[in-house]
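Colleague: Please take a close look at the sheet and explain how it is put together. I should like one connected account, with the criteria behind each term.

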Amino acid sequence: MTEEEDRVANADQNNLLRRQFDPVLTEPIPARMYLKRPPWLDYARAAVFIAVGIGIGLSIPWMRPTPQAAAIAITPLPVRAARAHLVYSPEVRHPVEVEAKEQDHLVKWLSKRLDLQLKVPVLSTEGFELLGGRLLPGNDGPVAQFMYQDATGKRLTLYVTRPHKGDEITAFRFAQEGRVSVFYWIDRDCGYALSGELDKPQLSRVATLVYRQLEP
Amino acid sequence: MDYNLIVPYIPNLRRYARALVGDRDGADDLVQDTLERAVRKFHLWKPGDLRAWLFSIMHNVFVNQLKARKIAPEVEIDEAVIAAHIPTVNSVDVLDLQRALLCLAPEQREVVLLVALEDMTYADVSTSLGIPIGTVMSRLSRGRERLRKLMNGETKSGLRVVQ
């Protein structure tokens, strides 16, 4: 029996049922049936809007956070290097983790940790000999520190790091952090800082020596 | 989701629920549960027949309610008790029609009401209740026949109840 045949054959039954229940159609709908949206939906929607907003913001160059703005939050390379120098250079018994006599091991180890092919400059022409080196925590990864000492016991440290997000590529620069003088430069792959409590001309000579050996 | 899409169907859902459940409060509870479930499951609705989708949700809620109340589909109900309340064919009142409906097995009641009240096609009923069209047709035919007998005051033995 098709729908149409059923409708004709059972018109009386349909009418009976409709007459009885159709009045429900015009009854006022109870207020509770007008459901409010669940609150989590609003939060979910807000989250989507915020995410889209951030996405749009980042995709428009002039809305991106500038490197300068980001740099405010991080410590500049010369300051990090000077602090590390101040912490480790006065150390009498443990100035380094690995001594110069294991130089091959030292370079291999630190190169692996920094994921950089490190070179240890030779500074004996300026009277400084390698003591050794250690691994330090940087702002966002490991940092290498090599320490040198001259015949009078003066120490220099060479701080080697991968460039931090906020570090701008820079040529040879000088910075004074308290009594520590720092010469530093940052290239695409690496940041270097030579720190010591030396006068500027002397440190400059040593730094130039380092720079020549490291920058081909 | 847009709840405003669902609102227009509320009167139809209430009419059907009233006939299906019998009492106003129970019927509106069924509608309420259906609406809330529809909102939760709205992401599962594939744009298409929203009415059939809503009635299928009501069907599921209804079946769950029957299970929860441990009201097994009662096919073999004692119709003589019901029929005793139907004095004559000509003085059928609303209460009696409601009682007669409730004597139908729930699965027959659903099919009869969807066709009679909602004017659904067999295909719509099949979608709403999740049963094959052949089953829709056999339940409709048996449901209608049974309802007719109940309304005519006939008991299972085929005797007409007379005053």
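Modeller: The account below begins with the conventions, follows the sheet and its packing, and ends with the chain interface and two loop residues.

This is a predicted model, in which local features need pLDDT of at least 70 and side-chain atom pairs count only at pLDDT 80 or more, whereas totals for chains, interfaces and linings use all residues. Residues are numbered from 1 along each chain as its sequence is written, chains are lettered from A and ligands numbered from 1 in the order in which they are written, and side-chain values use heavy atoms, with hydrogens and water left out.

In chain A, seven strands make up an open sheet with antiparallel pairing, and their order is S1-S2-S3-S4-S7-S6-S5. Helices (H or I, at least four residues) and strands (E, at least two) are DSSP runs numbered from the N terminus, and two strands pair if DSSP finds at least two bridges between them. Strand S1 (98–99) and strand S5 (170–177) of chain A are at the edges; each has a single partner strand, so one side of each lacks a neighbour in the sheet.

Strand S3 (residues 142–149) and strand S4 (residues 155–161) of chain A are joined by seven bridges in the antiparallel sense. Across this pairing, A:Leu156 in S4(A) is opposite A:Tyr148. Helix H5 (residues 77–88) of chain A packs on the sheet and touches strand S2 (129–137), S3, S4, S5, strand S6 (180–186) and strand S7 (191–196) of chain A. Contact here means heavy atoms within 4.5 Å. The direction of H5 makes about 135° with that of S4(A); axes are lines fitted to C-alpha atoms, for helices over the stretch in contact, and angles run from 0 to 180 degrees between N-to-C directions. Helix H7 (residues 200–214) of chain A also packs on the sheet, where it touches S4, S5, S6 and S7 of chain A, and its direction makes about 25° with that of S6(A).

Strand S7(A) pairs with S4(A) over six antiparallel bridges, and A:Gly191 in S7(A) is the bridge partner of A:Thr161. Six bridges also join S7(A) to S6(A), again antiparallel; among the residues involved, A:Phe183 has A:Leu194 in S7(A) as its bridge partner. S6(A) and S7(A) form a hairpin with four residues between them. Six of the six residues of S7(A) are buried, so the strand is largely enclosed by the rest of the structure. Buried means under 20% relative accessible area, exposed over 50%, and partly exposed in between (1.4 Å probe, protein chains only). In a regular strand the side chains alternate between the two faces of the sheet. Both faces of S7(A) are covered, with A:Gly191, A:Ala193 and A:Ser195 buried on one side and A:Tyr192, A:Leu194 and A:Gly196 buried on the other.

Aromatic contacts add to this picture. The whole structure holds 10 aromatic pairs over all chains. Rings of Phe, Tyr and Trp (its six-membered ring) pair if their centres lie within 6.5 Å; planes under 30 degrees apart count as stacked, over 60 as edge-to-face and the rest as tilted. For A:Phe172 and A:Trp185 the ring centres are 5.4 Å apart and the planes are at 40°, so this pair is tilted. A:Phe172 belongs to strand S5 and A:Trp185 to strand S6 of chain A, so the pair ties together parts 13 residues apart in sequence. A:Phe172 is partly exposed at 31% relative accessibility, whereas A:Trp185 is buried at 1%. A:Trp185 also forms an edge-to-face pair with A:Tyr211, at 5.0 Å centre to centre and 80° between the planes. Because A:Trp185 lies in strand S6 and A:Tyr211 in helix H7 of chain A, this pair ties together parts 26 residues apart in sequence. A:Tyr211 is partly exposed, at 33% relative accessibility. Ring pairs link A:Phe172, A:Phe174, A:Phe183, A:Trp185, A:Tyr192 and A:Tyr211 into a cluster.

A:Lys200 lies over the face of A:Phe174, 4.4 Å from the ring centre; a charge sits over a ring if NZ of Lys or CZ of Arg is within 6 Å of the ring centre and within 35 degrees of the ring normal.

Beyond the sheet, 30 residues of chain A are in contact with 38 residues of chain B. The two chains bury about 3000 Å² between them, 56% of it on carbon and sulfur atoms; buried area is the accessible area (1.4 Å probe) that two parts lose on being put together, summed over both.

Two loop residues complete the account. A:Asp115 has a positive phi of about 55° although it is not a glycine, and A:Asp115 is exposed at 58% relative accessibility. B:Asp119, likewise not a glycine, has a positive phi near 55° and is partly exposed at 38% relative accessibility.
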